[in-house]
Amino acid sequence: MEFRVVKNYFEVTSDVLAVPVFEKESTEEGILKELNEATNGTIASLVENREFQGKANETAYIHTASGLKVRRLLLVGLGKKEKFSHNSLREFSATAVRTIKGKQLSSLAFLTRGDVATGLATQATVEGVYLAVFEPGIYKSRDKESGSLKEYLIVASDLAAAEEGLTRGKALGESTNFARELINEPSSNMTPKDMASRAEKVASEVGLEVKILGEESMKALGMGAILGVSQGSAEEAKLIVLKYEHPDFKGEETLALVGKGITFDSGGLSLKTAEGMEKMKYDMAGAAAVMGAMRAVALLKPKARVYGVMACAENMPSGTAIKPGDVLKTMSGRTIEVVNTDAEGRLVLADALVYAKKELGATHLVDVATLTGAVMIAFGSVYAGLMSTDKQMVAELISAGKEAGERLWQLPLDDEYGEQLKSDIADCKNSGGRPAGTITGGYFLKEFAGDTPWAHIDIASTGWNSDKKPYIAKGPTGMAVRTLANWVVTRSR
Ligand code: BES
Ligand code: ZN
Ligand code: ZN
């Protein structure tokens, strides 16, 4: 994929020029007027006949643009002007790409508009292209939707700002798709060991330090919770640690991004039902988001010190599996009664959070996990759940998410919720039952983060896209890659 920024749309010689149009926008002023004239009034007539109304992600293809060097115009609706933000541009470019993808065309140009800063507009437009080109059908032997688009042009008034936005958009867009590729793989091709080799590969490509801990090292550290989850599986658990540090970094802060990396969640002996179980290959989406974010951070080079910690294991039922009622001892010494082996994500994260604090000296912890089905009941696939012990981190993460087009909504963590996790035999149990399922999952983790400022993002809602949309394929979304990377970048300023 090749990107370029150019100043004037009338010099563009691409196959198609995508034009963002608001609902009820006049064709008698500004750029729409110019384009309407160049197409002999086609745009105005489409609008008059309600063939195109500018509704969000609506499109109209115009075949002849005699007054222009481009061969075709693609009008793409932005929706209502009052609701416009740079996020509309992410969908704009993504919808354009997916609309013309099946056609034998090789170059596509995007018109950006003056309504948001050029840098951010370009970044969002470029991210949209990456979101749109991803296709999950990698094992199809025919009809692969690869497409012929190769070159993308961004038309922007301020070239220097656009170049900067392009660099950021590429780093974030590519890293999002990097995570989506990991998540999309069947679990048999993305075991904890495979996750570790992907981490080693990406570390050498972008310049990160990497360390992989196997089960023997985990035993030595007393990580009984992740070992307990993994003990029913034929695959060895891996704790993957990536490190980024800017050479001029002099600060005190050590950030840690911690991801749930269950490469397959069968539920263990508390076995899940057959329906939809195939989707549980995406239970490592938190770890994939952390790996993707670390990749983006390495490319964006903020003045910061950041660790990515990925707790990878497979949750399987077998003769060696943990059984309901078993008690596990975590790295902090805190003991857990496992009442439900399907609440395994919080177990692996408990040890990973303690490891990040104790061994890596993390001063701020953010974990990302496909932790609960309940977050889908609460939010559908629109918002991810955010829980935290630190007001500032909440504000920072929500705003980092806004920039990324990833929505987070805070849930409470009052101590009453802790009552549900009391155990008769151990310090706590791993499930509080169905009421407030997402919150009790967060509360459980909070106890392991302790006094260290911590936030938890439950992406079981937004990590997977079940319905086809005009701007994105079904399947993994790469949720949280851009939010986490943006958060690190803002934190370093
Ligand atoms: N990986 C699941 C959460 C999940 C469920 C993600 C459905 C996406 C779709 C997690 O390990 C799990 O099974 N959680 C249990 C927790 C319960 C036993 C307290 C759940 O949500 O039912
Ligand atoms: Zn589970
Ligand atoms: Zn799980």
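## Helix 12 and the ligand 1 site

In helix 12, the buried residues (under 20% relative accessible area with a 1.4 Å probe, counting protein chains only) are Met-393, Val-394, Glu-396, Leu-397, Ala-400, Gly-401 and Ala-404. An α-helix has 3.6 residues a turn, so residues three or four places apart point the same way. This is a predicted model, where local features need pLDDT of at least 70 and side-chain atom pairs count only at pLDDT 80 or more. Residues are numbered from 1 along each chain as its sequence is written.

How far apart are the end C-alpha atoms of helix 12? They sit 20 Å apart, which agrees with the 20 Å expected for 14 residues (391-404) at 1.5 Å a residue, the expected span being 1.5 Å times one less than the number of residues. Helices here are DSSP runs (H or I, at least four residues), numbered from the N terminus. At the start of helix 12, Asp-390 brings a side-chain oxygen to within 3.2 Å of the backbone nitrogen of Gln-392. After the helix comes Gly-405, with a positive phi near 75°.

Now for the ligand. Ligand 1 is surrounded by 17 residues (a heavy atom within 4 Å), and the closest are Asp-265, Asp-283, Asp-342, Glu-344 and Gly-373. Some side chains make polar contacts with ligand 1, meaning pairs of N or O atoms within 3.5 Å:

| Side chain | Ligand 1 atom | Distance |
|---|---|---|
| Lys-272 | oxygen | 2.9 Å |
| Asp-283 | nitrogen | 2.8 Å |
| Glu-344 | oxygen | 2.8 Å |

Taken alone, ligand 1 exposes 510 Å², and the protein buries 80% of that (Shrake-Rupley areas, 1.4 Å probe).

How values were computed: Chains are lettered from A and ligands numbered from 1 in the order in which they are written. Side-chain values use heavy atoms; hydrogens and water are left out. A polar contact is a pair of N or O atoms within 3.5 Å; within protein, one must be able to donate a hydrogen and the other to accept it, and residues adjacent in sequence count only if both atoms are side-chain atoms. Helices (H or I, at least four residues) and strands (E, at least two) are DSSP runs, numbered from the N terminus. Buried means under 20% relative accessible area, exposed over 50%, partly exposed in between (1.4 Å probe, protein chains only).
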